[in-house]
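Student: I'm new to this one and don't want the whole tour. Could you pick a single part and take me through it slowly?

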Amino acid sequence: FPYTTLFRSGSPIMAERPPVVLTIAGFDPSSGAGVTADIKTIAAHGCYGVACITALTVQSTAGVHRVEAVDSSLITETLQELAAALPIAAVHIGMLGTGKIVRAVADFLAQGAGKPALSKLPNIVLDPIVKSSSGADLLDSSGVKLLVEKLIPLADVLTPNVDEAALLTGLKVTDLDQM
């Protein structure tokens with residue numbers, strides 16, 4: 001992955017590598033959400049974004065029309081390859097789609113991303129995407145259960161909206177104060 005080359009008085013100097021941020025999320029072809037939106041945000045903050053796509057969607061600004069989950073073994077291989085090759089400074093997890101994918105991501109994170117024992121990827125942010133803003137289901141029921149049991153305990157930061165907070169906790173959540 002590239003270094004940033006800067007020039008001072010006509011001579012190149014090597015700048016520090018930008019932090020690597022891994023996004024694990026679905027692909028939104030309209031770039032309003034998912035991996036494409038994450039990569040833009042990561043770059044805007046001066047970081048180097050890498051991605052593992054969990055699902056392909058057929059959608060536009062009008063809504064989600066179809067979702068196809070990526071095979072969980074492909075996700076596992078992608079995550080292992082990225083972690084072995086790059087110094088990941090943070091992880092953002094978005095749409096996962098299925099219980100199999102939630103398990104694959106949780107297993108990857110719980111195993112320290114293939115690093116030595118007691119080593120874990122730092123700064124894990126989980127945005128528990130359950131439904132699209134247009135109402136399409138983006139995580140199956142087994143995925144919700146595994147999200148609560150396996151993935152949330154591994155996260156450093158959890159960013160649910162009020163509906164997701166209610167679903168994940170089983171409590172009535174209708175506003176920010178209740179969150």
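Tutor: Sure, with one term up front: a residue counts as buried when its relative accessible area is under 20% (1.4 Å probe, protein chains only). By that count, 38% of this protein's 179 residues are buried. What you're looking at is a predicted model, where local features need pLDDT of at least 70 and side-chain atom pairs need 80 or more, while totals for chains, interfaces and linings use all residues. Numbering starts from 1 along each chain as its sequence is written, and side-chain values use heavy atoms, leaving out hydrogens and water.

Let's pick helix α3, and set the scene around it before we zoom in. The protein has 5 helices and 8 strands, taken from DSSP runs (H or I of at least four residues for helices, E of at least two for strands) and numbered from the N terminus. Walk along the sequence and you pass β-β-β-α-β-β-α-β-α-β-α-β-α. Contacts, meaning heavy atoms within 4.5 Å, often reach far along the chain: among those between residues at least 6 apart in sequence, 64% join residues at least 24 apart.

Now the sheet. An open sheet of 6 strands runs in the order β5-β4-β3-β6-β7-β8, with mixed pairing; strands pair if DSSP finds at least two bridges between them. At the edges stand β5 and β8 (157-158), each with a single partner strand, so each has one side without a neighbour in the sheet. Take the β5 end: β4 (residues 48-60) pairs with β5 (residues 63-69) in the antiparallel sense over 6 bridges, and Gln59 has Val64 in β5 as its bridge partner. These two strands make a hairpin, with 2 residues between them. On to β3 (residues 20-27), which runs parallel to β4, joined by 7 bridges. Along that pairing, Leu22 sits opposite Val50 in β4.

Helices pack on this sheet. Helix α1 (residues 34-44) touches β3, β4 and β6, and its direction makes about 155 degrees with that of β3. Our chosen helix, α3, also packs on the sheet: it touches β3, β4, β5, β6 and β7, and its direction makes about 160 degrees with that of β6. (Axes are lines fitted to C-alpha atoms, for helices over the stretch in contact, with angles from 0 to 180 degrees between N-to-C directions.)

Next, look at the helices beside α3. Helix α2 (residues 72-85) packs against α3 (residues 99-110) at about 25 degrees, with the axes 9 Å apart. That angle makes α2 roughly parallel to α3, a label for anything under 35 degrees. From α2, Ser72, Ile75, Thr76, Leu79, Gln80 and Ala83 make the contact; from α3 come Lys100, Ile101, Ala104, Val105 and Phe108.

Then there's α4. The axes of α3 and α4 come within 8 Å and cross at roughly 15 degrees, which makes α3 roughly parallel to α4 as well. Here Gly99, Val102, Arg103, Val105, Ala106 and Leu109 of α3 meet Ser142, Gly143, Leu146, Leu147, Lys150 and Leu151 of α4. Val105 is worth finding on screen, as it appears in the contact with α2 and in the one with α4.

Finally, see α3 from α4's side. In α4 (residues 141-151), Gly143, Val144, Leu146, Leu147 and Leu151 are buried. The buried residues of α4 pack against α3, along with β6 (88-93), β7 (124-126) and α5 (162-169).

Notes: Parallel < 35°, antiparallel > 145°, perpendicular 65-115°, else oblique. Buried < 20%, exposed > 50% of the residue type's maximum accessible area, 1.4 Å probe, protein only.
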